[in-house]
Amino acid sequence: MTFREAMEDDVKNAFLDIDTFGEIHTVNGEEMVICIQDGVFTEPDGRFSENRKMGIFSNSLTMYVSADNLRKPKAGAVLDIDGKFYEVIAAINEGGIRRIVLRRYDSR
């Protein structure tokens, strides 16, 4: 087994395995196994911004998905994850995994 084959095997059978870290979610209408790392409602500088004064908060999360399951989205694109819409901040390929940083605006 080559190093690349070993990495691909790890992506499917360890990192994105349902019994370990992976979860089934609907992304843009298609069910797939992904891993989500939730952020918290944040503001970049921690101070009360105009949005926050108006009751608008941003919720960030990072999604990990097999590069085989989802094309690399461009910054500014919108992804529908389980019926909630997120703006793509960045998308990075890392050894067969796409790490996608997302942001969603919400009010409390």
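In what order do the elements of the protein run from the N terminus on? They run α-β-β-α-β-β-β-β, which comes to two helices and six strands, where helices (H or I, at least four residues) and strands (E, at least two) are DSSP runs numbered from the N terminus. This is a predicted model, in which local features need pLDDT of at least 70 and side-chain atom pairs count only at pLDDT 80 or more, while totals for chains, interfaces and linings use all residues. Residues are numbered from 1 along each chain as its sequence is written, and side-chain values use heavy atoms, with hydrogens and water left out.

**Nonpolar cores**

- The largest nonpolar core (buried Ala, Val, Leu, Ile, Met, Phe, Trp, Tyr and Cys residues joined through side-chain atoms within 4.5 Å; buried means under 20% relative accessible area with a 1.4 Å probe, protein chains only) has 14 residues, of which M63, V65, L70, L79, I100 and L102 touch the most other members.
- At least two residues of this core come from each of β2 (30-42), β3 (56-66), β4 (78-81), β5 (84-94) and β6.
- Another core, of five residues, lies apart from it and includes L16, C35, Y64 and I97.

**Surroundings of R98**

- R98, in strand β6 (residues 97-107), touches residues including M63, Y64, V65 and L70, with contact meaning heavy atoms within 4.5 Å and residues up to four places away in sequence not counted.
- The side chains of R98 and N93 are joined by a polar contact of 2.2 Å.

Terms used
A polar contact is a pair of N or O atoms within 3.5 Å; within protein, one must be able to donate a hydrogen and the other to accept it, and residues adjacent in sequence count only if both atoms are side-chain atoms. Buried means under 20% relative accessible area, exposed over 50%, partly exposed in between (1.4 Å probe, protein chains only).
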